[in-house]
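Visitor: I'm new to this one and would like a close look at a single part. Could you take me through the small open sheet, and then show me what surrounds it?

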Amino acid sequence: MRFSIIIPVYNRPQEVDELLESLCAQTFKDFEVVVVEDGSTEQCDAVCEKYTDLLALHYHFKPNSGPGPSRNYGAERSQGEYLIILDSDVIVPDNYLETIEKELESEPCDAFGGPDKAHPSFTPIQKAINYAMTSFFTTGGIRGGKQKLDKFYPRSFNLGIKKEVFEALGGFAPMRYGEDIDLSTRIFANGYSCRLFPDAFVYHKRRVKFSSFFRQVKHSGEARVVLKKKYPDTFKLVHLLPAAFVVGNLLLLLLAIFDSWWWLLPIAAYVLMVFVDSWLNNKDLKVALLSVPAAYCQLFGYGIGFIEAQWKDILGKKSHPKTENS
């Protein structure tokens, strides 16, 4: 078996249905699918049953423990040479596995990852959030890859790794947030090769509301502080950019209130830059307009999460994000 696709899921049967449907259309066929139900109250066993004659599909139910331990659980029960970790809220194009196989044949590596895109069927908010998560003008610039500010660290929504390497590293740490960066950091620290496969993309739905998106990226900011403590050498000044963005925007607003409205010009310039860039990329006026609050949600959420966690750490309080699903 060449690939084992590991999919942890928590209360998202409709998403699993869409993902499994897209896996049925793969042009490369040497793979199995391992779905790990992480203590869901809304289970996807009936959905998986639909695909048992179409895919080499294995369904497992376990008590809730979070995505990292659930991926480890699936990996232990897999047969593939490579593990491919996917989030339940993605859809893959029909040449996804074929693209990965071609990359591995041309230049073998121990671990890899791919980018994410917005599918044409996504709602305007989902497309705007996707823009915010991938744009150079947001924290997409510090997520790594081509035209980014930091080296590429695979993320768990689209991550591949040799099973023997995964086992040697002990799999994912029991962290609710930042567990993928933790694994990527250990991949590099132990001398394994890791590459970006730019054409092995997935369509990532992400969140459908700004409020839930804000909470998600806030947890990512909190996790960065945890990772900074765990791996001090990996922390770089670029990781401070969201926090600096928060402080800078608030300072400019105060100066505009108490001094002159001219202080709002840098904010206006950033808003215009995001709007135009999103419009050029998405060719959709509504998505471009929504990309502005999405970008602010993303940067403020991450920045506030980082600042709060750092402050708690200074005060000696626990800053590690919770480990259970929510």
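Guide: Let's start with a word we'll need: a residue counts as buried when its relative accessible area is under 20%, as exposed when that area is over 50%, and as partly exposed in between. Keep in mind, too, that what you're looking at is a predicted model.

Now to the sheet you asked about. It is an open sheet made of three strands, in the order 5-10-7, and the pairing is mixed. At its edges sit strand 5, which covers 90-91, and strand 7, which covers 116-117; each of these pairs on one side only. Take strand 5 and follow it across to strand 10, residues 202-204: the two run antiparallel, and two bridges join them. If you want one pair to click on, try Ile91, whose bridge partner in strand 10 is Tyr203.

Let's zoom out from there. The protein as a whole has 11 helices and 10 strands. Buried residues account for 55% of its 326 residues. As for contacts, take those between residues at least 6 apart in sequence: 78% of them join residues at least 24 apart.

How about the overall dimensions? The C-alpha trace spans about 70 × 45 × 45 Å along its principal axes. The radius of gyration is 20 Å, which agrees with the value near 20 Å that a compact globule of 326 residues would have. On the outside, the accessible surface comes to about 14,800 Å², and carbon and sulfur atoms hold 59% of that. There are 37 positive and 39 negative charges, and their mean positions lie 6 Å apart.

Before you go, two loop residues deserve a stop. Most residues other than glycine have a negative phi. Asn11 isn't a glycine, yet its phi is positive, at about 60 degrees. You'll find Asn11 in the loop between strand 1 (3-9) and helix 1 (13-24). Its relative accessible area is 24%, so Asn11 counts as partly exposed.

The other stop is Lys283, again not a glycine, with a positive phi of about 55 degrees. Look for Lys283 in the loop that links helix 10 (265-282) and helix 11 (285-314). Here the relative accessible area is 65%, so Lys283 is exposed.

Key. Residues numbered from 1 in each chain as written. Predicted model: local features only at pLDDT ≥ 70, side-chain atom pairs only at ≥ 80, totals over all residues. Heavy atoms only, no water. Pairing = 2+ DSSP bridges. Helix = DSSP H or I, 4+ residues; strand = E, 2+ residues; numbered from the N terminus. Rg over C-alpha atoms; globule rule 2.2 N^0.38 Å. Buried < 20%, exposed > 50% of the residue type's maximum accessible area, 1.4 Å probe, protein only. Contact = heavy atoms within 4.5 Å. Areas by Shrake-Rupley, 256 points an atom, 1.4 Å probe, with all protein chains shown as cover. Lys, Arg positive; Asp, Glu negative; His and termini not counted. Charge placed at Lys NZ, Arg CZ, Asp CG, Glu CD.
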